[in-house]
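Biologist: I should like to go through this structure with you, one point at a time. Please give the reasoning behind each reply.

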Amino acid sequence: MVSVGSKSLPSRRHRTIEEDCLMGERGKSSNNHGERKKGMRRKDHKGSRGFDGDSSKKNQSGGAPNVKPASKKQSEFEHQNQFVRKEIDPETSKYFSEIANLFDSNEVELEERSVICGNALEETRGREYEIATDYIISHVLQTLLEGCELDQLCSFIRNSATVFPAIAMDRSGSHVAESALKSLATHLENPDAYSVIEEALNSICKVIVDNPLDMMCNCYGSHVLRRLLCLCKGVSLDSPELYGAKSSKALAKRLNLKMSQLDDNTLEIPHQGFPDMLKYLLSGLLNCSREDMKYLQVDQYSSLVLQTALRLMLKQDEELLEIIPLILRCNSTNKKVDGFHIETNVAKEILESMKDNSFSHLVEVILEVAPESLYNEMFNKVFKNSLFELSVDRCANFVIQALISHARDQEQMGMMWEELAPRFKDLLEQGKSGVVASLIAVSQRLESHEQKCCEALVGAVCSTNESRISIVPRLLFLDYYFGCRDKSTWEWAPGAKMHVMGCLILQGIFKFSSDYIQPYITSLTSMKAEYITETAKDSSGARVIEAFLASNAATKQKRRLIIKLRGHFGELSLHTSGSFTVEKCFDACNLTLREAIATELLDVKVDLSKTKQGPYLLRKLDIDGYASRPDQWKSRQEAKQSTYDDFCSTFGSNKSNFPKNTFVSDTSEDAYQEIEVKNTRKEIDHHPTSGFKRHREEHAKDKDEPFAGEKRAKQKKNKTSEATDKPKLAGSKRPFLSGEMTGKNRHSNKLRI
């Protein structure tokens with residue numbers, strides 16, 4: 001039998017390391033998530049043609065989901081949704097098999113293909129559930145849904161609406177449901193299709209909101225439900241941020257790795273979506289008892305649905321002020337009079353649940369999207385005086401990092417400092433260096449406690465009677481140092497992989513004013529030449545050197561370090577990360593050292609030109625010009641430096657963070673910073689002893705993010721569109737979660753709030 005349109009869903013049990021690489025370590029989940037990964041991909045077991053390995057029904061995927069429930073509560077939800085599945089007759093199987101063979105032959109013209117798809121979908125009428133959940137035929141059905149016309153697609157969705165949740169919760173059916181939603185999204189470019197698509201979505205949303213809990217708590221159903229939420233919002237169905245993965249921009253913002261502040265988290269919205277439908281669906285999902293919500297908070301699948309919903313409502317403060325209290329199980333209050341309020345008993349429950357893997361993910365997202373008033377209430381009622389206790393927990397420490405990263409003002413920074421700064425050493429010893437890195441980053445962002453942060457870190461790594469000369473080497477090998485029983489005998493670990501988080505901490509340190517970081521500058525520039533070279537060869541260590549060269553440290557101190565790399569620039573340039581270091585060194589040094597760098601690169605020009613980064617580096621440093629006419633090359637370098645010095649003397653200031661000894665700004669800086677962030681994530685993923693790998697569950701596909709300029713342009717367009725629609729909101733507003741779709745004009749662009 002030939003299968004058509006076979007497409008595997010992303011692995012839905014395990015979340016990617018990109019979402020969890022940030023600064024800490026979680027052990028195995030109490031729910032044993034890792035043990036349940038087996039059997040989740042669309043792959044036959046030996047001796048079977050379906051997922052369940054049922055030799056008596058080879059073409060069936062097993063009807064309703066045959067997955068080990070996470071708890072008794074989930075078992076109850078799924079038990080309510082069991083469907084009696086009829087066996088597919090041989091004639092139907094043969095019919096769809098012939099269609100699969102026909103499509104595989106590539107002899108069908110486009111017009112004929114559309115007709116065949118429409119006729120085949122008509123054959124599914126009344127048997128949508130049985131056909132969509134058959135392992136073999138479901139592949140063919142996916143191909144049909146992807147190739148049919150919009151009317152045929154919407155007709156199938158309306159006909160299958162009553163069983164859509166059951167299809168979505170099936171191992172094979174979930175792929176069919178996902179294909180249907182993806183196909184709908186492709187038609188949204190046509191404005192005339194909105195009313196037809198909205199009618200189809202309305203039919204399945206009405207069924208889902210009648211009993212949303214079982215779909216939310218199902219490993220397959222929750223994945224489809226999140227795609228449905230994205231479709232209603234108008235965002236890409238494959239956005240990694242909406243599936244739990246932390247984007248490179250999120251990591252860059254948390255650690256201030258970007259040169260420019262990332263103050264815009266707006267989602268890319270390629271089309272207007274269906275705002276009324278989204279609010280109606282969210283209203284149904286959150287319309288449950290406090291007891292059910294308590295379970296939804298800690299269930300790994302429903303937690304992901306709630307996280308997606310919150311991210312979709314980013315910057316919609318009024319809606320978030322209604323949604324978040326429901327998720328946190330807070331009592332309703334009069335927001336106009338009292339504002340958001342967390343009672344003592346609720347705060348205690350939140351604090352106790354923070355150590356749960358799924359709930360900690362959920363609270364992280366809440367802190368990221370929370371309006372200021374809500375964030376302040378959570379900080380004062382839930383987190384205050386409990387920061388260190390949560391920081392040393394394997395799950396809750398990530399929540400503390402999110403809390404710190406989103407601190408609103410210097411007052412909050414001061415309270416965090418008082419609780420955590422005296423315990424820097426304890427945090428580093430217990431592998432929670434991410435909390436320290438977050439505090440250093442927010443100190444720089446809020447310009448508060450900067451000098452104290454630098455001094456506290458020195459005190460945590462070096463005892464009072466020790467020389468501070470070893471501060472940088474110990475941070476470079478943070479895990480080796482704190483893993484050493486007798487720290488007084490610790491020495492440089494040649495050949496060992498440098499600690500990623502320790503290197504990220506040093507990058508943050510070198511963003512402070514040179515007045516505060518003299519011990520770190522002295523420590524780095526005093527390292528032996530072979531240690532400097534080894535640091536430059538390490539992908540994480542190289543970024544520390546680059547951060548130092550980009551700091552406002554004295555020019556002589558920078559050149560003192562660059563001199564120790566002489567003789568190794570050619571070797572470094574052949575590596576992707578090392579090429580950036582060579583470029584930074586070239587920009588920071590004088591003409592004599594630049595000529596030395598050019599000479600070394602000229603010796604490896606042939607090999608360097610074959611690398612990915614080589615042509616750019618050779619062009620940027622004008623190695624060909626140096627080889628052909630060295631005297632003119634020197635003159636051009638002198639002219640560039642003279643122009644830059646004149647610029648600094650005219651516009652520069654002693655208080656500026658602009659490194660005065662650096663050449664004119666690099667056009668590749670933004671691209672490099674993006675590569676740096678992504679590479680950091682990859683290194684965290686593969687680092688064996690870093691102590692921050694995060695074992696979390698997620699159904700996500702890694703997709704490249706849109707080009708930054710394109711994304712900003714689309715965001716600007718969306719904002720313009722939103723501004724145009726705002727006048728329609730004038731007048732009395734209905735509560736966000738009180739929407740009712742029945743009897744309303746579904747084709748209106750007005751938002752019911």
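Biologist: How many disulfides does the count come to?
Modeller: The model is a predicted one. A disulfide requires two cysteine sulfur atoms within 2.5 Å. Cys-288, for instance, is in no disulfide, as the nearest cysteine sulfur, that of Cys-217, is 9.4 Å away. The count of disulfides comes to 0.

Biologist: Does Cys-288 count as buried, partly exposed or exposed?
Modeller: Buried means under 20% relative accessible area, and exposed means over 50%. The relative accessibility of Cys-288 is 25%, so this residue counts as partly exposed.

Biologist: Is Ser-358 buried or exposed?
Modeller: Ser-358 belongs to helix α18, which spans residues 357-369. Its relative accessibility is 4%, and the limit for burial is under 20%. Ser-358 therefore counts as buried.

Biologist: Which residue has its backbone oxygen 3.5 Å from a polar atom of the Ser-358 side chain?
Modeller: Beyond its neighbours within four places in sequence, Ser-358 is in contact with several residues, including Gln-297, Asp-299, Ser-303 and Gln-307. Val-298 is also among these contacts. The backbone oxygen at 3.5 Å from the side chain of Ser-358 is that of Val-298.

Biologist: Which helix gives the largest share of the largest nonpolar core?
Modeller: That core has 194 residues, of which Phe-383 and Tyr-520 touch the most other members. The largest share, 8 residues, comes from helix α9 (residues 194-210).

Biologist: How far apart do the end C-alpha atoms of residues 381-418 lie?
Modeller: An unreviewed UniProt entry places the feature "repeat: Pumilio" at residues 381-418. The span is 71% helix and 0% strand. Its end C-alpha atoms are separated by 17 Å.

Methods: Residues are numbered from 1 along each chain as its sequence is written. This is a predicted model: local features need pLDDT of at least 70, side-chain atom pairs count only at pLDDT 80 or more; totals for chains, interfaces and linings use all residues. Side-chain values use heavy atoms; hydrogens and water are left out. Helices (H or I, at least four residues) and strands (E, at least two) are DSSP runs, numbered from the N terminus. Buried means under 20% relative accessible area, exposed over 50%, partly exposed in between (1.4 Å probe, protein chains only). A polar contact is a pair of N or O atoms within 3.5 Å; within protein, one must be able to donate a hydrogen and the other to accept it, and residues adjacent in sequence count only if both atoms are side-chain atoms. Contact means heavy atoms within 4.5 Å. A nonpolar core is a set of buried Ala, Val, Leu, Ile, Met, Phe, Trp, Tyr and Cys residues joined through side-chain atoms within 4.5 Å. UniProt positions are given in the numbering used here, feature names are shortened, and annotations may be inferred rather than shown by experiment.
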